[in-house]
Amino acid sequence: MLSLVAGCRPPGDPAKQTVDDLSRAASHRDAKAFLDLVAADFQGADGSRKSDLESTVRQLFAAYESLDVTVRDLNVERAESAALARFRVDLSGRARKIAGLEGLLPSSSSWQFETRLAPSGKRWRVTWASWSPAP
(Lines give C-alpha, C1' and ligand atoms only; values in the text may rest on other atoms or scores of the structure.)
Protein backbone atom coordinates (compact mmCIF):
# COMPACT_ATOMS: atom_id res chain seq x y z
CA MET A 1 0.00 0.00 0.00
CA LEU A 2 2.81 2.40 0.89
CA SER A 3 4.42 1.94 -2.54
CA LEU A 4 1.07 2.66 -4.22
CA VAL A 5 0.72 5.92 -2.28
CA ALA A 6 4.33 6.89 -3.05
CA GLY A 7 3.71 6.18 -6.72
CA CYS A 8 0.75 8.59 -6.73
CA ARG A 9 2.79 11.54 -5.53
CA PRO A 10 3.75 14.07 -8.17
CA PRO A 11 7.34 13.58 -9.30
CA GLY A 12 9.92 16.02 -8.03
CA ASP A 13 11.88 18.34 -10.26
CA PRO A 14 14.43 16.12 -12.05
CA ALA A 15 16.92 19.00 -12.39
CA LYS A 16 16.81 19.66 -8.63
CA GLN A 17 17.14 15.92 -8.02
CA THR A 18 20.29 15.84 -10.15
CA VAL A 19 21.82 18.74 -8.19
CA ASP A 20 20.93 16.97 -4.91
CA ASP A 21 22.46 13.73 -6.19
CA LEU A 22 25.64 15.53 -7.29
CA SER A 23 25.95 17.03 -3.82
CA ARG A 24 25.44 13.64 -2.19
CA ALA A 25 27.99 11.94 -4.47
CA ALA A 26 30.54 14.68 -3.76
CA SER A 27 29.99 14.42 0.00
CA HIS A 28 30.67 10.67 -0.27
CA ARG A 29 33.62 11.34 -2.60
CA ASP A 30 32.02 8.93 -5.05
CA ALA A 31 33.54 9.93 -8.39
CA LYS A 32 31.64 7.29 -10.36
CA ALA A 33 28.23 8.40 -9.03
CA PHE A 34 29.16 12.06 -9.57
CA LEU A 35 30.36 11.54 -13.14
CA ASP A 36 27.32 9.42 -14.00
CA LEU A 37 25.30 12.62 -13.54
CA VAL A 38 27.35 14.46 -16.16
CA ALA A 39 26.44 14.12 -19.84
CA ALA A 40 28.93 12.47 -22.18
CA ASP A 41 29.04 15.66 -24.26
CA PHE A 42 29.54 17.92 -21.22
CA GLN A 43 31.31 21.21 -21.79
CA GLY A 44 32.56 23.61 -19.16
CA ALA A 45 32.43 27.36 -19.66
CA ASP A 46 36.24 27.23 -19.62
CA GLY A 47 36.24 24.85 -22.60
CA SER A 48 36.80 21.72 -20.53
CA ARG A 49 35.19 18.42 -21.51
CA LYS A 50 33.94 15.51 -19.42
CA SER A 51 37.38 13.85 -19.47
CA ASP A 52 38.90 17.02 -17.96
CA LEU A 53 36.19 17.13 -15.32
CA GLU A 54 36.73 13.45 -14.54
CA SER A 55 40.42 14.02 -13.91
CA THR A 56 39.74 17.02 -11.66
CA VAL A 57 36.98 15.27 -9.69
CA ARG A 58 39.06 12.12 -9.12
CA GLN A 59 42.05 14.19 -7.95
CA LEU A 60 39.92 16.32 -5.64
CA PHE A 61 38.09 13.37 -4.08
CA ALA A 62 41.39 11.50 -3.59
CA ALA A 63 43.00 14.53 -1.95
CA TYR A 64 40.37 14.84 0.79
CA GLU A 65 39.86 12.40 3.63
CA SER A 66 36.42 13.86 4.22
CA LEU A 67 34.30 16.33 2.28
CA ASP A 68 31.06 18.04 3.24
CA VAL A 69 29.07 19.66 0.43
CA THR A 70 26.14 22.00 1.05
CA VAL A 71 24.02 23.44 -1.77
CA ARG A 72 22.40 26.81 -1.06
CA ASP A 73 20.19 29.23 -2.95
CA LEU A 74 19.19 26.72 -5.63
CA ASN A 75 17.14 28.35 -8.38
CA VAL A 76 15.92 26.19 -11.28
CA GLU A 77 14.37 27.62 -14.45
CA ARG A 78 12.74 24.76 -16.30
CA ALA A 79 11.50 24.08 -19.76
CA GLU A 80 10.19 20.76 -21.00
CA SER A 81 13.51 19.40 -22.20
CA ALA A 82 16.10 21.59 -20.46
CA ALA A 83 16.78 23.41 -17.23
CA LEU A 84 19.09 26.11 -15.96
CA ALA A 85 20.14 25.71 -12.34
CA ARG A 86 22.01 28.38 -10.39
CA PHE A 87 23.27 27.68 -6.89
CA ARG A 88 26.01 28.18 -4.34
CA VAL A 89 28.08 25.30 -3.01
CA ASP A 90 29.85 25.48 0.34
CA LEU A 91 32.64 22.91 0.72
CA SER A 92 34.44 21.93 3.86
CA GLY A 93 36.77 19.05 4.31
CA ARG A 94 39.87 17.53 5.76
CA ALA A 95 42.77 17.01 3.37
CA ARG A 96 44.68 13.76 3.55
CA LYS A 97 47.85 13.94 5.61
CA ILE A 98 50.10 12.77 2.81
CA ALA A 99 52.66 14.75 0.86
CA GLY A 100 51.71 17.92 2.75
CA LEU A 101 48.24 18.15 1.21
CA GLU A 102 46.74 19.32 4.49
CA GLY A 103 48.81 22.50 4.21
CA LEU A 104 48.03 23.11 0.54
CA LEU A 105 44.31 22.42 0.22
CA PRO A 106 41.71 24.71 1.79
CA SER A 107 39.56 23.36 4.59
CA SER A 108 36.61 25.34 3.23
CA SER A 109 35.54 27.26 0.15
CA SER A 110 32.38 28.52 -1.54
CA TRP A 111 31.52 28.48 -5.23
CA GLN A 112 28.79 29.86 -7.49
CA PHE A 113 27.57 27.45 -10.17
CA GLU A 114 25.40 27.86 -13.20
CA THR A 115 24.51 24.59 -14.92
CA ARG A 116 22.42 23.47 -17.85
CA LEU A 117 20.73 20.11 -17.51
CA ALA A 118 18.84 17.95 -19.97
CA PRO A 119 17.15 14.56 -19.94
CA SER A 120 19.44 11.69 -20.85
CA GLY A 121 18.23 8.15 -20.44
CA LYS A 122 16.14 7.75 -17.30
CA ARG A 123 17.38 10.93 -15.63
CA TRP A 124 18.66 14.44 -16.17
CA ARG A 125 22.37 15.15 -16.50
CA VAL A 126 24.58 18.25 -16.51
CA THR A 127 25.43 19.27 -20.07
CA TRP A 128 27.21 22.57 -19.36
CA ALA A 129 28.54 24.35 -16.28
CA SER A 130 30.34 27.47 -15.18
CA TRP A 131 31.76 28.05 -11.72
CA SER A 132 33.58 30.79 -9.87
CA PRO A 133 34.52 31.51 -6.27
CA ALA A 134 31.51 32.85 -4.36
CA PRO A 135 31.77 36.47 -3.24
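## Confidence first

Residues 1–10 are the stretch to treat with care: pLDDT stays under 50 there, and the model has 0 contacts for them beyond four places in sequence. This is a predicted model, so that caveat comes from the predictor's own confidence in each residue. For the protein as a whole, the mean pLDDT is 88, with 87% of residues at 70 or more.

## The sheet

Now for the strands. Five of them form an open sheet with mixed pairing, in the order E1-E5-E4-E3-E2. At the edges sit E1 (38–44) and E2 (64–78), each pairing on one side only. Ignoring direction, neighbouring strands here are turned by 30° against each other on average.

Zooming in on one pair, E2 runs antiparallel to E3 (residues 83–95), and the two share 12 bridges. Within that pairing, Ser66 stands opposite Arg94 in E3.

## The helix on top of it

Helix H2 (residues 14–27) packs on this sheet and touches E2, E3, E4 (108–120) and E5. The direction of H2 makes about 170° with that of E2.

## A look at Trp131

Trp131 is part of strand E5, which covers residues 123–133. Is this tryptophan buried, exposed or in between? Its relative accessible area is 34%, so Trp131 counts as partly exposed, a class that falls between the 20% and 50% cut-offs.

As for its company, Trp131 touches Phe42, Gly44, Asp46, Ser48, Trp111, Gln112 and Phe113, leaving aside residues up to four places away in sequence. Glu114 is 17 residues from Trp131 along the chain, and their C-alpha atoms are separated by 6.5 Å.

Definitions and conventions:
Residues numbered from 1 in each chain as written. Predicted model: local features only at pLDDT ≥ 70, side-chain atom pairs only at ≥ 80, totals over all residues. Heavy atoms only, no water. Helix = DSSP H or I, 4+ residues; strand = E, 2+ residues; numbered from the N terminus. Buried < 20%, exposed > 50% of the residue type's maximum accessible area, 1.4 Å probe, protein only. Contact = heavy atoms within 4.5 Å. pLDDT = per-residue confidence, 0-100. Pairing = 2+ DSSP bridges. Axes fitted to C-alpha atoms, helices over the stretch in contact; angles between N-to-C directions.
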